[in-house]
Structures are given as C-alpha cells and as structure tokens.
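Open the model in your viewer and keep the selection panel at hand. The stops below are meant to be taken in order.

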Amino acid sequence: MGVVATRHPVSPLTKILDLGYHRAVRPMIFRIGGGDAEKAHEQTLRWLARAGTIAPVRAALAAAFNRHRAPRTVAGIDFPGIVGLAAGMDKNGIAAHGWGSLGFGFAELGTVTGQPQPGNPQPRLFRLPASGAVINRMGFNNAGAAQLAARLSGLGVRRGNNALGIPLGISIGKTKIVPLDEAVEDYLSSLRELAPYADYVAVNVSSPNTPGLRSLQDRKALTELLTALTAEASKINSVPVPIFVKIAPDLTEPALDEVVEVAAEVGAAGLIATNTTLSRDGIDYADLALAPQAGGLSGAPLARRARQVVGHLAARSRLPIIGVGGIETADDAAALLDAGATLLQVLTGFIYHGPGLVDRINQRTNQETKR
C-alpha cells in the first residue's frame with residue numbers, strides 16, 4: 001500500500017511527509033522483530049514516548065502536522081481538531097504526551113481494566129497489508145486503571161486542564177477474570193480511578209476478544225451498567241465526566257436501536273461507532289491465509305459497515321457520534337462525517353499511512369468548511 005492519492009489539494013509539505021513515511025518509516029517499523037506486529041507496536045510507542053519528552057521535537061512535529069486542525073466543541077469538550085487517536089494504540093498512556101504533536105485533536109487511551117492483566121496468548125496481532133487491515137485478539141492487555149491514573153497524575157494531567165495539549169478520552173473495559181454478574185463494580189472501580197484525569201470516558205462493551213463482553217450491549221445489562229456509571233460520574237465531579245458508549249459493528253439494526261435508546265435514557269453523552277468486526281468480508285485474496293485467525297478485524301474492510309452504523313445511529317439519535325472504522329483516506333473521513341459523525345478516530349489507517357493521513361483529513365475538513 002503506497003501513498004494514498006486524493007482529488008483534493010494537499011500542501012507540498014504533506015506530500016513530502018507522506019512519501020517519507022511510506023518509503024522509509026513504515027518499512028523500518030514493519031521489519032521490527034522480523035515482522036512481528038506486536039513488537040513493532042511496542043517499539044513505536046517507545047519511540048513516540050521519547051520524542052514526546054523532547055520539547056524541540058514536539059514543537060517540530062506540531063509545526064508539521066498541526067497546521068490544519070479546526071476546533072470543535074462536543075459534549076462540552078473543546079477539541080482543537082476533529083481527528084482523534086482510537087483506543088488500542090496506547091493502552092497504558094506510554095506516549096500520552098506525544099499524540100498532540102501529530103495532528104490529533106484528541107487521544108483515547110486504553111482500553112484499561114480494573115485489574116492489570118496480560119491479555120491473550122501471543123501471537124495475537126496480525127497485519128493484512130494488501131487489505132489495509134489488522135486482526136487482533138489482544139484481550140485488553142494493560143497495566144490496570146490505577147497505574148494509568150498514576151502515570152497521568154505524574155504528567156500533571158487533570159480533567160479539563162489540557163496539560164498535554166489535547167483532551168484525553170479513556171476507554172474502560174471488563175477484567176477478564178471478573179464474572180459478568182460482577183462487571184458493573186469492575187467498571188465502576190476503573191471509573192473512580194480515572195474520572196479525575198479523563199475529559200471523557202468510553203465504555204467498551206463491544207470488543208470481541210473478552211468472553212461474554214458483547215452481551216453487555218443487551219438492553220437489560222447495558223441499562224444497569226450505564227445507569228451505575230452515569231450516577232457515579234455525577235458523584236466524582238461537580239460536572240460529571242461525559243460517558244460515551246462504544247458499539248460493535250456486528251449488531252443488528254434492532255440491537256443498535258436498543259443501544260441508542262438506553263444511552264439516551266441514562267444520560268450518556270455520546271456514542272463511538274464502531275469497534276472491530278468478526279466479519280471477514282473485504283479481505284484481499286493475498287491476505288486470505290490470515291482470515292481464519294480469531295479476533296476483531298479493523299481497517300479498510302470495515303469502512304462500509306462503519307458508515308452504515310453511523311448513519312443508522314445518526315438517524316435515530318441526537319447524541320454526538322465519534323466515527324471510527326476503515327478510515328484510510330480523507331474521502332473515507334468525509335464519508336463518515338456525511339453519514340453523521342461529529343468527530344473521527346483512526347488507528348489502523350494511522351499504522352499504514354502515518355500522521356500524514358491525519359493531516360490530509362484535517363486539510364480536507366478545512367476545505368469543506370470554507371466552501
């Protein structure tokens with residue numbers, strides 16, 4: 001997959017940065033660990049973490065990638081740009097101080113759980129380059145909510161203080177060893193730890209990689225969970241931290257309607273659509289050998305379904321929607337916005353196309369706004 005073409009003009013600097021990423025940076029990253037995707041992920045985070053601690057490097061990156069961001073206020077949060085980093089890239093906030101220099105208008109850390117856990121056995125992360133996709137069955141591997149809270153506290157982060165230059169969302173999920181009938185308290189423990197540091201909290205009930213987790217999207221279970229979380233949020237802060245609900249793309253339309261109804265009834269602040277899919281539709285022939293791997297599929301094959309889900313939700317709810325899934329180009333981003341998304345998130349597209357993708361989306365959005 002080479003540099004992504006677009007019929008909309010982009011700046012010469014963006015073209016140069018794109019070329020550098022595709023010709024030099026990405027090939028180097030993809031060779032790490034003999035092509036092991038998880039080792040490459042971890043090493044990239046370490047590099048970004050180091051870069052984020054060096055003020056001149058942060059300033060240079062920001063000068064290159066933050067030029068075209070346009071602010072937007074959603075759920076009472078002032079975002080300097082509409083493109084965010086999706087959860088899954090930086091679970092433990094290792095590079096939290098660096099994302100604001102790469103064109104992002106916000107970053108969602110996590111998914112974290114109430115207890116530390118190692119996640120599923122390796123290998124558990126697979127690149128499908130011909131398809132522009134990734135399959136993962138990571139299983140919420142993370143150091144736990146308390147450690148993320150300590151890391152953010154050490155960085156001087158408090159909710160709303162913009163200490164890292166961008167708002168931070170934090171995605172919370174269920175600890176694997178916690179039974180489903182104790183899930184509410186498990187989520188509450190994470191919320192209590194992290195609400196002081198989160199500009200919003202994303203409730204992940206849609207990952208396919210934790211047994212039984214998606215059953216929490218059913219009306220009764222979701223109502224109980226979100227009622228408890230929104231009530232607790234109002235106790236922790238005088239102004240409750242906004243709660244967003246992350247939705248699976250594999251839900252039927254009646255199930256999507258139930259999620260929307262519950263979210264509105266309990267006072268959730270917004271929706272995130274979508275998580276990874278169990279479907280293998282759209283995988284390129286060259287990647288079919290990896291299709292049987294268990295886990296959630298993300299990336300280009302998810303684009304059409306993500307637009308369908310966002311469009312369905314937008315037609316039935318006034319809640320703001322963070323659109324995520326299959327964004328490989330600025331056109332993909334525009335299509336999700338046209339479908340009804342208010343903000344966007346990228347992850348797999350960022351892996352394949354680097355921060356130039358974020359810059360292209362920001363430029364395209366600015367061009368459309370000025371028309």
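What follows is a tour of a predicted model, going from helix packing to salt bridges, then to backbone details and the surface.

**Stop 1: helices α6, α7 and α8**

Two packed helices are described by the angle between their axes and the distance between the axes. Select residues 219–236, which are helix α6, and residues 253–266, which are helix α7. Their axes come within 9 Å and cross at roughly 25°. Angles under 35 degrees count as roughly parallel, and α6 and α7 are therefore roughly parallel to each other. The crossing of this pair, α6 with α7, is right-handed.

Keep α7 and add residues 303–316, helix α8. Here the axes of α7 and α8 are 10 Å apart, and the packing angle is about 50°. That makes α7 and α8 oblique to each other. The crossing of α7 and α8 is right-handed.

**Stop 2: a salt bridge between α7 and α8**

With α7 and α8 still displayed, show the side chains of Asp-257 and Arg-316. They form a salt bridge in which the closest N and O atoms are 3.2 Å apart. Asp-257 belongs to helix α7 and Arg-316 to helix α8, so the pair links parts of the chain that are 59 residues apart. Asp-257 is partly exposed, at 22% relative accessibility. Arg-316 is partly exposed too, at 44%.

**Stop 3: the network at α5 and α6**

Side chains of opposite charge can pair when their charged atoms come close. How many salt bridges does the count give? The total is 10 salt bridges.

Next, select Glu-232 and Arg-192, whose side chains meet in a salt bridge at 3.1 Å, N to O. Glu-232 lies in helix α6 and Arg-192 in helix α5, so this contact ties together parts that are 40 residues apart in sequence. Is Glu-232 buried or exposed? Glu-232 has a relative accessible area of 12% and is buried. Arg-192, at 37%, is partly exposed. Now add Glu-185 and Lys-235: together with Arg-192 and Glu-232 they are linked in a network of salt bridges.

**Stop 4: Asp-359 and Arg-67**

Move to Asp-359 and Arg-67, where the side chains meet in a salt bridge of 2.8 Å, N to O. The two residues are 292 residues apart: Asp-359 is in helix α11 (residues 355–370), and Arg-67 is in the loop between α3 (55–65) and β1 (72–74). Asp-359 has 0% relative accessibility and counts as buried, whereas Arg-67 has 33% and counts as partly exposed.

**Stop 5: cis peptide bonds and positive phi**

Most residues other than glycine have a negative phi, and most peptide bonds are trans. The next selections depart from that.

- Gln-122 to Pro-123: this peptide bond is cis, with omega near 0°. Pro-123 is in the loop between β4 (106–113) and β5 (125–128).
- Ala-273 to Thr-274: this peptide bond is cis as well, with omega near 15°. Thr-274 is in the loop between β10 (270–273) and β11 (296–299).
- Ala-75: phi is positive, about 55°, although the residue is not a glycine. Look for Ala-75 in the loop between β1 and β2 (77–79); its relative accessibility of 33% makes it partly exposed.
- Asn-162: phi is near 55°, a positive value in a residue other than glycine. Asn-162 sits in the loop between α4 (145–154) and β7 and is partly exposed, with a relative accessible area of 45%.

**Stop 6: Pro-179 and Gly-212**

Select Pro-179, in the loop between β7 (168–173) and α5 (183–194). Pro-179 is partly exposed, at 38% relative accessibility. Add Gly-212 and check the C-alpha to C-alpha distance: Pro-179 and Gly-212 are 9.3 Å apart in space and 33 residues apart in sequence.

**Stop 7: a nonpolar patch**

Finish on the surface. Which residues form a nonpolar patch there? Select Val-25, Met-28 and Trp-47, which together have about 240 Å² of accessible area. Val-25 is in helix α1 (residues 12–31). At 32% relative accessibility, Val-25 counts as partly exposed.

Technical notes. Residues are numbered from 1 along each chain as its sequence is written. This is a predicted model: local features need pLDDT of at least 70, side-chain atom pairs count only at pLDDT 80 or more; totals for chains, interfaces and linings use all residues. Side-chain values use heavy atoms; hydrogens and water are left out. Patches are made of residues with over 30% relative accessible area and no salt bridge: like charges are joined within 9 Å, nonpolar side chains (Val, Leu, Ile, Met, Phe, Trp, Tyr) within 5 Å. Accessible areas come from the Shrake-Rupley method with a 1.4 Å probe; for residues, only the protein chains shown count as cover. A salt bridge is a side-chain nitrogen of Lys or Arg within 4 Å of a carboxyl oxygen of Asp or Glu. Helices (H or I, at least four residues) and strands (E, at least two) are DSSP runs, numbered from the N terminus. Buried means under 20% relative accessible area, exposed over 50%, partly exposed in between (1.4 Å probe, protein chains only). Axes are lines fitted to C-alpha atoms, for helices over the stretch in contact, and angles run from 0 to 180 degrees between N-to-C directions. Angles under 35 degrees count as roughly parallel, over 145 as roughly antiparallel, 65 to 115 as roughly perpendicular and the rest as oblique. A crossing is left-handed if the near helix is turned anticlockwise from the far one by less than a right angle, and right-handed if clockwise.
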